[in-house]
Amino acid sequence: MYYVFVIALTFCVCVASTAFNVEKKNGWWRNMLFVLALSAGQGLLYWLGSLLGGTFMYKFVGYAKVIVLLICFMIAFRMVMDTLKIKNGKNLFLIDKPKQLIILSIALGINALIAGLIADAAFLPLFGKITPLYIIGISLIWGFIGIGTKFSQTKLLINSLLNFVSALAILATGIVAII
């Protein structure tokens with residue numbers, strides 16, 4: 001179940017890297033650097049979320065199951081809202097400056113930050129202290145898939161469908177956690 005959660009949580013890197021190979025001026029190595037930055041942002045923001053959650057989430061241990069469901073619902077809702085943008089091509093990110101890459105990395109990592117809030121053993125510990133490494137690794141895989149496949153309208157539709165399935169998987173994790 002935890003693997004499915006992390007795979008679904010990091011799918012946004014595949015969506016964001018969809019447009020990296022649209023412009024021919026971006027070489028393979030530059031695209032790989034972009035994917036590496038996005039993946040590192042996912043892991044870093046999850047880690048920061050776990051630090052933040054560690055400061056106050058202990059007060060909600062009595063409501064742990066409900067909190068996990070609410071957090072999973074919040075993440076799934078954000079992903080469903082992005083699904084329509086993906087289908088219409090509004091989620092295509094062309095990066096010209098390092099500043100844009102940093103902003104994109106932070107924007108993509110918000111769901112990981114939210115998930116990090118419940119990284120405590122009483123909530124949804126996933127893989128413990130090495131969870132950010134799993135997130136970075138799976139994000140890299142998703143990113144390489146994103147830059148390795150040819151850009152097309154079909155790819156946008158598949159990304160939209162997989163983003164919706166990922167949202168359902170995250171919501172299902174929350175429902176399983178409450179049971």
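**Exercise 1. Find how much space lies in the largest pocket of this predicted model, and describe its lining.**

Solution. Start with the volume: the largest pocket holds about 330 Å³ of space. Next, look at what surrounds its centre. The lining is made of 17 residues, and S50, L51, A119, D120 and K129 are the closest to the centre. Then ask which element gives the most to this lining: helix α3 (residues 28–56) does, with six residues. Finally, sort the lining by class, which gives 10 nonpolar, five polar and two charged residues.

**Exercise 2. Work out how helix α1 (residues 2–9) and helix α8 (residues 153–178) are oriented to each other.**

Solution. Begin with the geometry: the two axes lie 9 Å apart, at an angle of about 140°. An angle over 145 degrees would count as roughly antiparallel, so α1 and α8 are oblique to each other. The crossing of α1 past α8 is left-handed. Now pick out the residues in contact: α1 brings V4, F5, A8 and L9, while α8 brings S166, A169, I170 and T173. By class, that contact has six nonpolar residues, two polar and no charged ones.

**Exercise 3. Do the same for α1 and helix α7 (residues 131–148).**

Solution. Here the axes come within 9 Å and cross at roughly 55°. Roughly perpendicular starts at 65 degrees and roughly parallel needs an angle under 35, so α1 and α7 are oblique to each other. This time α1 passes in a right-handed crossing. On the α1 side, the contact uses Y3, V6, I7 and L9; on the α7 side, Y134, I135, I138 and W142. Sorting this contact gives eight nonpolar residues, with no polar and no charged ones.

Conventions:
Residues are numbered from 1 along each chain as its sequence is written. This is a predicted model: local features need pLDDT of at least 70, side-chain atom pairs count only at pLDDT 80 or more; totals for chains, interfaces and linings use all residues. Side-chain values use heavy atoms; hydrogens and water are left out. On a 1 Å grid over the protein atoms alone, a cavity is a set of points where a 1.4 Å probe fits but cannot get out, and a pocket is an open set with protein on both sides within 12 Å along at least five of seven lines; lining residues have an atom within 4 Å of a point. Grid points are joined across faces, edges and corners, and a volume is the space filled by probe spheres set on the points. Helices (H or I, at least four residues) and strands (E, at least two) are DSSP runs, numbered from the N terminus. Ala, Val, Leu, Ile, Met, Phe, Trp, Tyr, Cys and Pro count as nonpolar, Asp, Glu, Lys and Arg as charged, and the others, Gly among them, as polar. Axes are lines fitted to C-alpha atoms, for helices over the stretch in contact, and angles run from 0 to 180 degrees between N-to-C directions. Angles under 35 degrees count as roughly parallel, over 145 as roughly antiparallel, 65 to 115 as roughly perpendicular and the rest as oblique. A crossing is left-handed if the near helix is turned anticlockwise from the far one by less than a right angle, and right-handed if clockwise. Contact means heavy atoms within 4.5 Å.
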